[in-house]
Each structure stands twice: as structure tokens, then as C-alpha cells.
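Here are some friendly notes to read alongside the structure. Take the points in order, and keep the 3D view open as you go.

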Amino acid sequence: MLKSIRILIVEDSDDDTELLLRELRKGGFDPVHQRVETMQDMQAALQASTWDIIISDYSMPHFDGIGALKLAKSLEFDLPFIIVSANIGEEIAVMAMKAGAHDYIMKGNLARLVPAIERELKEAKLRHSHRESEKQMQQLSSAVEQTADAVTITDAEGNIEYVNAAFSDITGFSKQEAIGQSCSMLKSGRHNAAFYAGLWQSLTEGHTFQDIFINRRKDGNIYYEEKSITPLKDEKGKVTHFISTGKDITEQMATRQRLHHLSSHDGLTDLPNRSLFIDRLSQAISRARWNGRVVAVLFIDLDRFKNINETLGFEYGDSVLQAVASRLTQNVRDGDTVARLGDDEFAILLEDIYQKEDIPVVVEKIIKSLSQIHIFDEHELFVTTAMGISLYPSDGDDAQTLIQNADVAIHHAKESGSNNYRFYESKMNTQSLYRLNMESSLGKALEREEFFLLYQPQINLKSGQIIGFEALLRWQHPELGTVSPVEFIPLLEETGMINQVGRWVLRTACQACRTWNEMGLHDIKVSVNMSPVQFDNDNISHIVADALSETWLEAKYLEIELTESTIMRSPQKTISVLDELNAMGVTLAIDDFGTGYSSLSYLQKFPIDVLKIDRFFVKDVSKNNGGASIVNAIISMAHSLKMSVVAEGVEDNEQLAFLQEHDCEMVQGFLFSKPVPHEAAMQLLKAGVIEVEKIRHAGGS
């Protein structure tokens with residue numbers, strides 16, 4: 001098969017040109033050519049077409065080979081250039097080669113032409129490849145030098161051989177100060193020996209090491225660096241160098257730590273909140289199983305606290321809560337936990353108790369301390385309390401049971417008057433029988449069609465459009481009437497019935513959403529809460545896919561809501577499942593965000609689209625108890641991670657104004673609509689835009 005070649009021939013003779021072409025064809029080439037014999041024609045040909053090689057006669061009436069060569073170079077055409085001439089002496093040949101010709105051939109010896117062309121084409125290809133490699137290296141070098149990430153190259157012992165400008169900007173060490181030093185110059189002492197042992201083991205085995213490093217700058221300040229270190233190997237597979245790239249994430253870590261603290265602590269008193277209290281209680285139970293000690297849970301409720309808020313205002317109420325928190329903390333040991341669970345509800349976790357009889361001493365000390373006069377400005381306030389106490393192991397062997405039983409006990413303490421406490425007793429609670437009856441009824445509820453869904457609209461704050469609905473499960477018991485989800489959903493989860501009921505909810509909600517979109521009301525989503533029990537099902541992705549397939553609903557219209565605790569139970573498995581759902585096109589949301597006690601470092605690793613702020617924080621944005629700070633922090637963090645935000649439980653115009661001011665995109669709550677049946681949801685959609693500003697200025701009326 002002939003090889004194609006494009007040749008520009010500088011020649012005044014057609015016959016000589018034909019001789020050249022014949023020789024090329026004989027040598028296996030299929031030449032495409034153009035013959036020129038003046039400087040102007042050659043310049044035009046070079047600029048009009050692409051050529052592989054130039055063959056030029058040396059002597060012509062209007063032009064010569066040296067002139068052709070100079071013209072090609074002046075126009076920056078780096079092409080193989082061969083002079084073919086009938087009369088060329090050695091002196092002229094040397095001059096031509098010095099001028100840049102790649103070869104010269106006598107017309108009487110054209111047998112050299114094809115080998116010369118093949119050689120020059122090969123060398124031209126190598127020159128081009130070399131230039132491209134140099135260009136790429138220059139680009140790479142420039143990119144490395146200009147990137148915002150710190151880049152460091154060390155030898156196999158960790159001695160620095162190269163750093164870029166970003167390294168100097170981040171660490172404060174100049175290139176001259178860093179090169180030749182050990183990379184340990186950045187050590188802060190915050191990592192233990194095991195951390196570095198794991199690092200070097202991974203690297204010497206040829207694996208990339210990734211982690212967050214706590215390093216120290218030249219000025220002594222600590223900084224956080226998200227770093228990847230990769231071993232570089234020679235042709236024999238031996239590690240010769242290491243290259244690390246790092247990003248300064250000090251500000252992000254500070255934000256995460258602040259948000260983590262806010263999410264696990266009460267904003268007003270800085271005490272642990274419910275989620276952190278439960279976590280510590282669970283840990284205390286685990287320790288008590290091992291050491292055989294007693295764990296006590298004390299629930300504390302302030303009497304008539306509502307009167308203080310209504311009479312003196314929230315400012316005084318907040319001061320009372322802070323004072324109570326301080327006195328409670330002062331009257332327990334360092335290892336015990338004081339938490340604020342709600343408005344005027346506190347809890348204390350007492351660990352390592354030898355016997356039940358030791359507890360009343362602590363309780364009476366607390367009651368006495370709280371009963372002392374509280375003075376705020378000119379006001380003298382007396383605070384009385386009721387306390388309910390449950391014990392591990394006698395009253396329960398898990399955190400939830402102990403909390404429930406302490407709550408039961410506090411109601412009996414209130415019946416006995418102010419400043420009283422009661423230990424939990426089994427006769428206080430008839431929940432066991434009630435539970436059995438509820439389980440039996442739940443087992444038949446789906447078959448009897450007693451479950452139904454209500455839909456609460458989600459509003460785009462900028463447009464006022466309803467952009468979707470959250471599907472909420474309800475149960476119409478034939479004897480008890482409508483049963484609260486708080487009562488029956490935990491039972492569904494504990495018994496495993498949530499899997500079957502969850503499939504029904506998913507399918508029913510998808511069918512409703514398809515109906516809305518078929519009405520011409522396009523881009524309406526439905527959000528479905530997924531229980532942790534459902535999420536643990538290995539087939540959950542298939543279950544979601546089946547629901548979409550059976551209802552012919554596009555995946556983009558379905559949003560799956562998961563709580564923080566659900567996604568953090570097994571982060572690696574969570575990432576895998578969420579990736580599968582995300583690949584389908586399903587929107588993913590974290591529900592009740594801010595109430596979980598999770599590792600926020602995972603948040604950016606999950607393919608989450610939406611954060612839903614828990615109503616507990618939303619209801620307090622207008623009060624001076626830290627709710628506004630938490631909500632603002634959550635919105636800022638979500639936006640920095642390219643997530644949208646939905647605020648739940650919006651009930652008044654002050655909350656609405658705060659959320660608008662802080663760029664919350666979506667809201668839902670009784671201010672706009674309570675949860676409604678499917679038909680009523682359709683009517684809301686037909687009504688069109690909800691006039692957010694009118695609602696706000698009308699005070700939600």
C-alpha cells in the first residue's frame with residue numbers, strides 16, 4: 001500500500017519534477033505535490049496548505065535553493081528541506097547544510113531520494129514529539145507552580161527537593177528555607193507515632209496516603225492541611241521520590257468544629273443537647289456493663305417557667321435557664337453530664353454510682369441549690385423543680401428506655417408538688433400492654449387500608465412557587481382514631497414492618513407525584529422519609545427503582561430524606577448506597593439536620609443535594625438562645641458545599657423574615673399549609689404562586 005505524502009517542490013522544470021515523482025512512486029509513496037518556481041508562489045503555497053517536506057532545486061532563473069530555505073525559516077515552517085540539483089559542488093553543499101538544509105542529492109543519483117525522505121520524515125516526527133513533550137513539561141511546570149495547592153517533592157527519605165509558591169504562601173517557609181530540609185519541619189506534635197507509622201507503611205508499600213494533617217507554620221501557628229502523598233517509582237518499581245499535594249483547610253475545619261459544637265450543644269447554656277446526652281448515656285451503659293456500677297438518669301423540669309417568659313419576657317427567662325445550668329453543673333462531679341433537652345427541661349447523667357441509696361444525697365443538693373433566690377436586676381425569682389429518676393440496670397438496659405422511664409417518673413413527681421423527685425417504678429407504666437395491642441393492630445393496618453398519606457408543600461422563597469411536597473404517613477386506627485407517627489413508627493421499625501409499609505409509602509407518593517406532573521404542573525417533587533431500618537436493607541436501591549418503574553415517575557421528581565443518624569451508622573456503606581441512588585437521578589436530602597451527633601467531615605463525601613433544618617432550631621431563630629446562630633451556620637455551610645436548604649416548621653412571620661434574610665431557598669410549615677390529603681394538594685398546586693411577602697407582612701394570618 002502506497003504511503004501518502006504532501007511535497008512542495010521548488011523547481012523550474014516539469015520534466016525534473018516528473019522524475020522526482022516517479023522515483024517517489026517507485027519507492028512506495030503516493031505523492032500529493034505542488035510545483036513552484038518563484039518566492040511569491042512558494043510563500044503562497046506554504047501559507048495555503050500543509051506540507052510534509054520541501055524538495056528544492058538549487059539553481060533556477062528566478063530563485064535558488066538557499067533563498068527557498070531562508071524563506072521557509074523566516075515563515076517559521078520547520079519542515080524537512082532537501083536540495084536536489086544537477087550541478088552542485090561540495091562547497092555549495094556545505095553552505096546549504098550550514099543554512100539548514102537536511103540533505104542534498106544530485107539529480108543523477110535519485111536512488112538516494114527515497115531513503116533520505118524516509119529518514120527526514122522520521123527525524124521530523126521525533127523533533128515534533130520532543131517539542132510537544134517540552135511544551136507539555138513547560139505547561140505542567142507552570143501549572144504546578146501556579147496551582148493554589150501546596151506541592152512538595154521529596155526524596156525517598158523525606159528530604160525536600162522542590163516546593164511551589166503555594167507551599168511558601170501556606171507554610172511561611174521560602175523555597176530556599178525548605179529545600180534540603182526534612183518534611184518533618186512542619187510537624188506540630190498533634191499526631192501520635194501510630195499516625196506516622198501508618199503513613200510510612202502505606203507509602204513504602206507503594207500506596208497513596210490521604211488524610212488531614214495538623215501542621216505548624218513558620219510563625220508557630222497551627223494549620224490544617226488536606227494532603228495526598230504519592231510514591232514515585234523508577235522503572236524497576238523502586239520508590240525514589242514522594243510527591244504531596246495539600247490544601248489549607250484551616251478555615252473550613254474551624255467552621256466544622258464550630259458547627260459540630262453547635263449541633264451537639266444548646267446555644268443558650270452551652271450544655272450538651274439531647275443527641276449528645278443520649279450518646280454519652282449509651283457509652284455510660286456500656287461501661288457499667290463491664291464494671292457492674294449503677295447509672296442514673298435524672299430528668300429535671302422547672303415549675304411554671306412559662307410564667308416567667310410571659311410576665312418578664314424571654315430575656316429574663318433565658319437568664320434563669322443560664323443560671324439553672326450553672327448551678328446544676330456546680331453540683332455534680334466532673335465526670336457527670338448536665339444537658340438541656342428542651343425549653344425548661346434538663347437532664348443529668350450520673351455515672352459510676354455504687355448503690356441507689358447514694359443518689360438522694362445528690363438530688364437533694366441539686367434541689368436546694370436551685371431553690372435559692374435568683375436575682376436578675378430588681379427581680380427576685382424562686383425556681384422550683386420536679387425530678388424523675390431511672391436507673392441502669394434495674395429500669396432499663398438502653399438509653400431510650402432509661403430516658404422514657406425517667407420521663408414517666410417526672411410526671412409522678414409533679415403530682416406530688418414542687419421540689420419533689422420520684423424514682424421510676426414498673427407499676428407507673430402500662431406501656432407493655434399498650435405496645436402489644438398496637439403491634440397487633442399495626443400488623444393488620446396495611447391490609448385494612450388504615451394508612452394514608454398527607455402532603456405538606458415546600459415553597460421556593462424567591463418565586464413563591466410550590467416546588468414539591470413532603471409525604472407524611474398517618475394511621476387511622478378504627479378505635480383510637482388518628483394515631484401520632486411518634487407512637488406507631490418506632491413500633492414499625494422495631495418489628496420490621498416498616499419495610500413493607502415503607503414500600504407502600506414510596507409507591508403511593510410516587511403515584512401522587514406523577515398525577516401532579518401529568519396535570520401540567522411540571523417539576524413538582526415528592527419527598528419521602530426513609531427509616532434507618534429501610535436504609536439498612538441491602539436491596540434499597542432496587543426498591544426505589546421498582547417504585548419509580550411501577551409508577552412511571554421520572555427519578556428527578558423523587559427526593560429521599562434520611563436523618564443524620566441514619567447516614568452515619570455505616571459511612572462507607574452509606575456512600576455506596578447514596579451513589580447508587582444519585583446515579584438514578586434521585587435527589588438526596590438530610591432530614592432534621594442539626595439534631596444528629598455526626599462526624600461532619602463525612603458530609604462533603606456524601607452526594608447530598610439538600611439539608612433540611614430541624615424545626616427545633618427554626619422555632620428559636622427569633623429568641624436569644626442560639627437558634628439563630630445554628631440556623632445561620634447551617635445555611636452558610638450548606639451553600640459552601642453547593643447544597644440547597646429547606647427550613648422545616650416555619651410557623652410565624654419572624655421566622656420567615658429571618659430565613660429570607662439569610663438566603664434560605666425553601667421552607668415548609670403551618671405558616672403556609674398544614675399537611676393535606678392528595679386532593680387538597682392538587683388544589684394548592686392549581687392555585688399557583690403563594691404570595692410569601694403578603695403572608696410575611698400579614699403576620700402569618
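Which residue forms a salt bridge with aspartate 301? Keep that in mind while you read the points below, and remember throughout that this is a predicted model.

1. **The opening pair.** The partner of aspartate 301 is lysine 414, and the closest N and O atoms of this salt bridge are 2.2 Å apart. Aspartate 301 belongs to strand E11 (residues 294–302) and lysine 414 to helix H14 (residues 399–415), so the salt bridge ties together parts that are 113 residues apart in sequence. Is aspartate 301 buried or exposed? Aspartate 301 has a relative accessible area of 8%, and because under 20% counts as buried, this residue is buried. Lysine 414, at 34% relative accessibility, is partly exposed.

2. **A second pair to find.** Aspartate 149 and lysine 247 also form a salt bridge, with 3.1 Å between the closest N and O atoms. Look for aspartate 149 in the loop between helix H5 (113–146) and strand E6 (150–155), and for lysine 247 in strand E10 (residues 239–248); the pair therefore ties together parts that are 98 residues apart in sequence. Both ends are partly exposed: aspartate 149 has a relative accessible area of 22%, and lysine 247 has one of 38%.

3. **A third pair, between two loops.** Lysine 619 forms a salt bridge with aspartate 343, and here the closest N and O atoms are 3.5 Å apart. Lysine 619 sits in the loop between helix H22 (615–618) and helix H23 (627–640), while aspartate 343 sits in the loop between strand E12 (337–340) and strand E13 (345–353); the two residues are 276 residues apart, so distant parts of the chain are linked. Lysine 619 is partly exposed at 30% relative accessible area, and aspartate 343 is partly exposed at 39%.

4. **Salt bridges across the model.** Why can such pairs form at all? Side chains of opposite charge can pair when their charged atoms come close. How many salt bridges does the count come to? The count comes to 26 salt bridges. Some residues are joined in a network of salt bridges: Glu11, Asp16, Asp57 and Lys107.

5. **The antiparallel sheet.** Now turn to an open sheet of 5 strands, with the order E7-E6-E10-E9-E8 and antiparallel pairing. Strand E7 (160–163) and strand E8 (209–216) stand at the edges with a single partner strand each, so one side of each has no neighbour in the sheet. From one strand to the next, the twist averages 30°. E8 pairs with strand E9 (residues 222–233) over 8 bridges, in the antiparallel sense. To follow one of these, start at glutamine 210 and look for its bridge partner in E9, serine 228.

6. **Helices on that sheet.** Helix H8 (residues 193–204) lies across E8, E9 and E10, and runs at about 140° to E8. Helix H9 (residues 250–264) packs on the sheet as well, touching E8, E9 and E10, with its direction at about 125° to that of E9.

7. **The mixed sheet.** Another open sheet of 5 strands has mixed pairing and the order E12-E13-E11-E16-E17. Its edge strands, E12 and strand E17 (420–423), each pair on one side only. Neighbouring strands are turned by 20° against each other on average, direction ignored. E11 and strand E16 (residues 385–392) run antiparallel and are joined by 8 bridges. Leucine 298 has isoleucine 389 in E16 as its bridge partner.

8. **Helices on the mixed sheet.** Helix H10 (residues 274–291) packs on this sheet and touches E11, E12, E13 and E16, its direction making about 20° with that of E13. H14 lies across E11, E16 and E17, at about 145° to E16. These names should be familiar from point 1: aspartate 301 is in E11 and lysine 414 is in H14.

9. **A nonpolar patch.** Which residues form a nonpolar patch on the surface? They are Ile373, Ile375 and Phe382, with about 320 Å² of accessible area together. Isoleucine 375 lies in strand E14 (residues 374–376) and is exposed, with a relative accessible area of 57%.

Technical notes
Residues are numbered from 1 along each chain as its sequence is written. This is a predicted model: local features need pLDDT of at least 70, side-chain atom pairs count only at pLDDT 80 or more; totals for chains, interfaces and linings use all residues. Side-chain values use heavy atoms; hydrogens and water are left out. A salt bridge is a side-chain nitrogen of Lys or Arg within 4 Å of a carboxyl oxygen of Asp or Glu. Helices (H or I, at least four residues) and strands (E, at least two) are DSSP runs, numbered from the N terminus. Buried means under 20% relative accessible area, exposed over 50%, partly exposed in between (1.4 Å probe, protein chains only). Patches are made of residues with over 30% relative accessible area and no salt bridge: like charges are joined within 9 Å, nonpolar side chains (Val, Leu, Ile, Met, Phe, Trp, Tyr) within 5 Å. Accessible areas come from the Shrake-Rupley method with a 1.4 Å probe; for residues, only the protein chains shown count as cover. Two strands pair if DSSP finds at least two bridges between them. Axes are lines fitted to C-alpha atoms, for helices over the stretch in contact, and angles run from 0 to 180 degrees between N-to-C directions. Contact means heavy atoms within 4.5 Å.
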